[in-house]
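Trainee: I am new to this structure and would like a close look at one part of it, the sheets and what packs around them. Please take me through it slowly, and explain each term when it comes up.

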Amino acid sequence: MTGRTGRVRGRRLIPALLAAVSVFAAAACGSSDGDSGTENAAGALAPLDSATKVTIKFLSYNYGTPGLGGTGTQALIDAFEKAHPNITIEPQGVATKDVLTRLRTDTAAGSPPDVAQIGWSKMAEAVQALPIVPVQEIPPTAEWDEHVAGMSKSILSAVSVDNQVKAMPYTMSIPVLYYNADLFRAAGLDPAKPPTTIADVKAAGLAIKAAGSEGVYYGVVDSAKSDFLTQSVVNGNGGSLVDANGEVTLDKPAAVGALTGIQDLVKSGAMPAVNTETALAAFTTGKLGMLVTSTSVLASAMKAATGKFELRTAGFPAFGSKPARPTYSGAGLAVLAKDDVHKRAAWEFIKFVTSDAGFEIITSKIGYLPLRESIATKLADSAIVKLLAPSLEQLDTVAPYTAFRGEKANQAVVALQDEAVEPIVLRGADPGPTLTSVAEKIRKLSA
C-alpha cells in the first residue's frame, strides 16, 4: 500500500486495531475466576523519592535474543535507566516456551522477578496460578488514568479481571505473508500480485521451488510453543480450537482440513519440512520465497533484506473464498514484586515502556504494533509501518485469541503443538486421528 490513499487508510485503521485486540485479550484473560491465587498490592503507592535506589528484575523472552527483539528491549531498558537514574533494571532472558515454568520455579523459591513479560497464550494460566500484583492497583487512580488515556479503553477492559487490569498490554503482533520480490520475478511471478489464498501460495511456492529456491513456510511449528498461527490457520478454514463455551473443537472437520492444507504444502514440495527458526534463516538470507509468521520479526527481516533483496508483505492468506481470520500473539507485563518499593519501581518501568517513547522503540526497532494511536500516526510514513499495512487491512475479519480452560491451559497448548501440529505438518501424520487423540488429552487437561 503506497501513496496518500494508503497512508490515510492506515491511520484510520489504527483505532480499529485497538478495538479488535480487545476481543482476543478477553478470551485469553477474561476467563479467570476472580482473584484466585493472586496477592493484591496494599493500596496505591506514591512515586519513589529520587534518593531511593532500587534494582528490579525484569524477566523477558525478547531480552537477549539475537535479533532486533533483543536490541530493542535493551534500548527500552537503556532509555528508562537514563530517565530514572535511581532505578536499575536487572534483565533476565528466558525462552518463550519456558516463561511459566521459570515463573513457577522462581515463585516457589521466593524470588520471582519484579516484572515479567508473559505471552497472551500463557496469560490465562498465569493469572490463575501466580501471585500477580494487579498493575492497576499500584499507582494512584489519577496517575493511572493519565497514563492510560492514550491507550484504547477496549484493550484495557479486555485484559481486566473483575474490572481490574492485572497485566499491562505491551507487545502485539499479527501474522503476515512476507515475500521476496526478487525470487518472485526469478520464478516468473508478478510481485505486485502476491498470493491471497492458500491455493495461490502453493502455486507460487512450487514456481519458486522450480526456479531453484525454497517456496513458502507457514511458521506453525514454533519453538516458542505458541498456537497463535495454528489458530489463525484453523480460523481461516472456518474452524476453531475452542468454541464460545470453552469446549475443545480442534478435532472438528474444519480444523482437520486446515492442518491438512498446510501438510499438503509440505507433501507437494512447496514448503520445506523444517522448523520456524530454520525457515526464518532461509528467508532472511534470500533462499526462501515466502514466510508466513508474526509481524514481530519485521524489523529483523527488514535489516536482513537491506541490500540483498526486495522485501514486501501481504495479508494473511485465506482458504478459498472464506475470509482470512488471523489472530494475535504478543505479551503483557505482569508485576510479581513483593514490597512497596519494588512494586512502585516496577510500575515506573511499565509506565515508561508503554508510554509514547516506549511504543516508538517497540514499533520502530522490533516491529510490534503500536498500541498508542499517537505513535501510529507519527510513524505512518515510515518503512516499517507501511509494511505493517496489509495486516491492518484484515482487521475486519480478525479472530479473537482463544485460550483452553483451566490451570493447565499452557500444557494443553504445548500438547497441541508438539503432539499434533508438528507431526502433522512436518512428519506426515494423519491429521484426523492425530487431532482426535490430542483433543481428548486436552479435554482431560481442561477438566
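Mentor: pLDDT is the predictor's confidence in each residue, from 0 to 100. This is a predicted model, in which local features need pLDDT of at least 70 and side-chain atom pairs count only at pLDDT 80 or more, while totals for chains, interfaces and linings use all residues. Residues are numbered from 1 along each chain as its sequence is written, and side-chain values use heavy atoms, with hydrogens and water left out. Over residues 19-42 pLDDT stays under 50, and the model has 69 contacts there beyond four places in sequence, a contact being heavy atoms within 4.5 Å. Residues 1-13 also stay under 50, with 14 such contacts, while the protein averages a pLDDT of 87 and 88% of the residues score at least 70.

Let us begin with strand β11, residues 329-335, where strands (E, at least two residues) and helices (H or I, at least four) are DSSP runs numbered from the N terminus. Seven of the seven residues of β11 are buried, so the strand is largely enclosed by the rest of the structure; buried means under 20% relative accessible area, exposed over 50%, and partly exposed in between, with a 1.4 Å probe and protein chains only. Ser 329, Ala 331, Leu 333 and Val 335 point one way from β11, whereas Gly 330, Gly 332 and Ala 334 point the other way. Strand β3 (residues 115-119) runs antiparallel to β11 and is joined to it by five bridges, with Ile 118 opposite Gly 332; two strands pair if DSSP finds at least two bridges between them. Strand β6 (residues 167-173) is likewise antiparallel to β11, through six bridges, and here Thr 171 stands opposite Ala 331.

An open sheet of four strands follows the order β8-β9-β7-β10, with mixed pairing. Its edge strands, each pairing on one side only, are β8 and β10 (311-314), and the twist averages 20° from one strand to the next. Within this sheet, β7 (residues 175-180) and β10 pair in the antiparallel sense over four bridges, one of which has Leu 311 in β10 as the partner of Asn 180. Helix α12 (residues 298-305) packs on the sheet, touching β7 and β10, and its direction makes about 145° with that of β10; axes are lines fitted to C-alpha atoms, for helices over the stretch in contact, and angles run from 0 to 180 degrees between N-to-C directions. Helix α16 (residues 383-393) lies across β7 and β10, running at about 20° to β10.

Strand β8 (214-218) is followed by a loop that leads to α9 (228-236), and Lys 225 has its place in that loop. Lys 225 counts as buried because its relative accessible area is 19%. Not counting residues up to four places away in sequence, Lys 225 touches Lys 97, Lys 122, Val 413, Val 414, Gln 417 and Asp 418.

With the same exclusion of neighbours in sequence, the residues touched by Tyr 218 include Ile 198, Leu 229, Ile 262 and Phe 316. Finally, helix α10 (residues 253-268) and helix α17 (residues 409-427) have axes that come within 7 Å and cross at roughly 35°. Leu 259, Ile 262, Gln 263 and Val 266 in α10 meet Val 421, Ile 424 and Val 425 in α17.
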